[in-house]
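Open the model in your viewer and keep the selection tool handy. We will go from one stop to the next, picking out residues as we go.

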Amino acid sequence: MKYRIIKVVKKASVLLGLVAGVAVFTPTTALAADERFVLVSHAPDSDSWWNTIKNAIKEAGDQLDVKVEYRNPPTGDLADMARILEQAVASNPNGIITTLADYDVLKGALKKAEKKGIPVITINSGTHQQSEDVGALMHVGQPEYDAGYGAGKRAKKDGVKSFVCVNHYITNPASVERCQGFADALGVDLGSQMIDSGQDPTGIEKKVLAYLRAKPDTGAVLTLGPTSAHPTLRALEKNRQLGKIYFGTFDLSGEIAEAIKEGNIQWGIDQQPFLQGYVPVMALTLYNRYGVIPSNNINSGPGFVTKNNVGLVEKLAGEYR
């Protein structure tokens, strides 16, 4: 037990070293006997990208001796997510970790958590200001518009003038921010360059093929994660544009890493989901036990994975990256 405590403290100290400062607050619970946190995401069951976050909260829970529950709406319905979040608040956990997929839909449930004194950390979706407005302690994630803008600057430098954004979760405002940032960096209107692809792999493949047939001069393809990237790869293979059209994507998977190695995808944006899962569990544990919490938000991304550095992350994709 002594060794385990030392190990946990060392891990927490290393992570806190990544943060600019540490502020001291009054914790809502002190040294709870059975600490329990709930993470509520907006992701449907079909979204494999979240496996890395699930792995992160499991490791954090094991290493810090806390229980972390993962809950999500099976179909990705945000109204369902709001109900799940309210249920989590009603269960009186020691802390809540949640995405802000839609501020207007979720703010009511999070205000209830604030009134009950349940500490909240937001992750992944949402802005720093939105996180503050719902009373969260901090936000851990990737500024989505900035990430899209950075990707667009990179694409513009590479000569891209037009694109199609394959949006597989268009009901989440963060997804539109990614596409909008990309368009703004290119200096073009987003307009019809964003398609609502849905999440069915066959449907995505057909919609990408139809778009590229209708607009053969499209200069680039932007996908927003493995859910849309994998079917898009198959679509490009079918119309013989694989490796010929400029292709960038958000997020990583084993298939995406392999496509980057082969030159079929130019880059993947890594928002480091492991950090989005591990850091909030670590921060809530420190807050509940000792009353300390990082004093600033943490940007977990963006970072670009290219053919030059993909070898460093491909073995970890889907588990730690």
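This tour of a predicted model visits its nonpolar cores and then its aromatic rings.

**Stop 1: the largest core.** Start by selecting Ile121, Ile123, Met138, Val140 and Val281, which touch the most other members of the 28-residue largest nonpolar core. Next, colour the elements that give two or more residues to this core: strand 2 (36–40), helix 2 (51–64), strand 5 (120–124), strand 6 (138–141) and helix 11 (273–290). Helix 11 supplies the largest share, 9 residues.

**Stop 2: another core.** Apart from the largest core lies another one, of 24 residues; to find it, select Val208, Leu212, Ala259 and Val310, which are among them.

**Stop 3: around Val140.** Go back to Val140 and show its contacts beyond four places in sequence, including Ile121, Ile123, Leu275, Val279 and Ile298.

**Stop 4: aromatic pairs.** The whole structure holds 7 aromatic pairs. Select Trp49 and Trp50: their rings meet edge-to-face, 5.3 Å centre to centre with 85° between the planes. Trp49 counts as buried at 7% relative accessibility, and Trp50 counts as buried at 2%.

Now pick Phe274 and Tyr320, a tilted pair at 5.1 Å centre to centre and 50° between the planes. Phe274 sits in helix 11 and Tyr320 in the segment after strand 14 (303–305), 46 residues apart. Is each ring's residue buried or partly exposed? Phe274 is buried, with a relative accessible area of 15%, while Tyr320 is partly exposed, at 28%.

**Stop 5: a cluster and a charge.** Finish with Tyr246, Trp267 and Phe304, which form one aromatic cluster. Then add Arg154, which lies over the face of Phe304, 4.7 Å from the ring centre.

Conventions. Residues are numbered from 1 along each chain as its sequence is written. This is a predicted model: local features need pLDDT of at least 70, side-chain atom pairs count only at pLDDT 80 or more; totals for chains, interfaces and linings use all residues. Side-chain values use heavy atoms; hydrogens and water are left out. A nonpolar core is a set of buried Ala, Val, Leu, Ile, Met, Phe, Trp, Tyr and Cys residues joined through side-chain atoms within 4.5 Å. Buried means under 20% relative accessible area, exposed over 50%, partly exposed in between (1.4 Å probe, protein chains only). Helices (H or I, at least four residues) and strands (E, at least two) are DSSP runs, numbered from the N terminus. Contact means heavy atoms within 4.5 Å. Rings of Phe, Tyr and Trp (its six-membered ring) pair if their centres lie within 6.5 Å; planes under 30 degrees apart count as stacked, over 60 as edge-to-face and the rest as tilted. A charge sits over a ring if NZ of Lys or CZ of Arg is within 6 Å of the ring centre and within 35 degrees of the ring normal.
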